[in-house]
Amino acid sequence: MKTTRHDKQEKFTVDQKIRRRTFISFAVFFAASTAAYKSWDWLYHAPSETSGITARARQPLRAAMNKTEIFFRKFFSTDHLVKTYPKSMAAKKVRVNSNIGNEDKNFNPDTWQLSVLKHTGETLKVNLADLKALPKTEIIFDFKCVEGWDQIQHWGGVRFIDFIKQYKLDDQTDLAYVGMETPDGKYQVGLDMESALHPQTILAYEMNEEPLQSIHGAPLRLIIPVKYGIKNLKCIGKIAFSNQRPPDYWAKRGYDYYSGL
Ligand SMILES: Nc1nc2c(c(=O)[nH]1)N[C@H]1C(S)=C(S)[C@@H](COP(=O)(O)O)O[C@H]1N2
Ligand SMILES: [Mo]
């Protein structure tokens, strides 16, 4: 085909258009990169929050985490259930993550007693047989760790809400938070009351229909599917109720206090 003058002119304007667009793209890219860098620099150099129940996060980041919590708590409902799976899908070899506060060699699961501290100052002691006598609930769900792995797991135990009813702790649920920790107090989790009372929150003593193994938190661990793994305390020693945020191992190290899913 012969190239006409008209074609040449057309080609010229197309080239010009392309060049202009390329320039605009680069300009936009440059502006966006500068803005991204500036915001990152601002956040990176923002002061850290004052150390307390939460610590080690930059102030604006912690403010954002707390705002997100307020937003998501508005939609939280105990009728909203986490997805469950058939038994056949549950992992046979269950992953083990960190074991802070769950490696005490002197700890004896046979003489173990759960301490429940009421807001009034009284302490209630419960042993494993007492807990096993309560109705058992099983759950097979996708357990999610903040480090990026997840696994379908099968747990069994007593629902926290059933435990509350059985031990007449209803008045304690008027408080805003539940705190749980290992017998040595080295690992602690703080939970908002709604999440603790969610029907899928269980005090677990079984995994894959077998008694809980030590590495998974024997004799009793928390399974709270509405939260990330960090809140699923292994080896519960003490449970307490309060209106202030209870101590939380990972919140003190910069993580989100709520850690909801
Ligand atoms: N006592 C105690 N509980 C704990 C932890 C821990 O280090 N110590 N790690 C948490 C984290 S980060 C995860 S992902 C889960 C892992 O439970 P698993 O080891 O049974 O898979 O336990 C949680 N509970
Ligand atoms: Mo985790």
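Let's start at Gln200, which you'll find in the loop between helix H5 (193-196) and strand S7 (202-207). Keep in mind as you look around that this is a predicted model. Gln200 has a relative accessible area of 8%, and because buried means under 20%, this residue counts as buried. Its side chain has a partner, too: a polar atom there lies 2.7 Å from the backbone nitrogen of Val82.

From Val82, step along the chain to Pro86, which is found in the loop between H2 and S1. Pro86 has 46% relative accessibility, so it counts as partly exposed. Try finding Ile139 from here. Pro86 and Ile139 are 53 residues apart in sequence, yet their C-alpha atoms are 9.5 Å apart in space.

Stay in that loop for one more stop. Ala91 also lies between helix H2 (59-75) and strand S1 (114-117). Is Ala91 buried or exposed? Its relative accessibility is 15%, so Ala91 counts as buried. If you want another long hop along the chain, pick Ile223: it sits 132 residues away from Ala91, and the two C-alpha atoms are separated by 16 Å.

Now for the ligand. Which residues come closest to ligand 1? The shell around it holds 19 residues, and the closest are Arg95, Asn97, Ile100, Arg221 and Lys234. Sorted by class, that shell has 8 nonpolar, 8 polar and 3 charged residues. As for where the ligand sits, the space it takes is the second largest pocket.

Zoom in on the stretch from Asn97 to Asn99 and you can pick out some polar contacts with ligand 1. At Asn97, a polar backbone atom is 2.7 Å from an oxygen atom of the ligand. At Ser98 the side chain takes part instead, with an N or O atom 2.9 Å from a ligand oxygen. At Asn99 we're back to the backbone, where a polar atom is 3.4 Å from an oxygen atom of ligand 1. How much of the ligand does the protein cover? Taken alone, ligand 1 exposes 530 Å², and the protein buries 100% of that.

Next, a few backbone details to look for. Head to Pro219, whose place is in the loop between strand S8 (210-211) and strand S9 (221-223). The peptide bond joining Ala218 and Pro219 is cis, with omega at about 5 degrees.

Two other residues stand out for their phi angles. Lys168 is not a glycine, but its phi is positive, at about 50 degrees. You'll find Lys168 in the loop between helix H4 (160-166) and strand S5 (177-181). With 64% relative accessibility, Lys168 counts as exposed, because exposed means over 50%.

The other is Ser259, also not a glycine, with a positive phi of about 45 degrees. Look for Ser259 in the segment after strand S10 (238-242). Where Lys168 is exposed, Ser259 is buried, with a relative accessible area of 5%.

To retrace the route: we began at buried Gln200, passed partly exposed Pro86, and came to ligand 1 in the second largest pocket. After that came the cis bond between Ala218 and Pro219, and then the positive phi angles of Lys168 and Ser259.

Conventions:
Residues numbered from 1 in each chain as written. Chains lettered and ligands numbered in written order. Predicted model: local features only at pLDDT ≥ 70, side-chain atom pairs only at ≥ 80, totals over all residues. Heavy atoms only, no water. Near = heavy atom within 4 Å. Polar contact = N/O pair within 3.5 Å; in protein donor to acceptor, adjacent residues only side chain to side chain. Areas by Shrake-Rupley, 256 points an atom, 1.4 Å probe, with all protein chains shown as cover. 1 Å grid on protein atoms, 1.4 Å probe; cavity = no way out; pocket = protein on both sides within 12 Å on 5 of 7 lines; lining within 4 Å. Sits in = over half its atoms within 2 Å of the grid points. Nonpolar A, V, L, I, M, F, W, Y, C, P; charged D, E, K, R; others polar. Helix = DSSP H or I, 4+ residues; strand = E, 2+ residues; numbered from the N terminus. Buried < 20%, exposed > 50% of the residue type's maximum accessible area, 1.4 Å probe, protein only.
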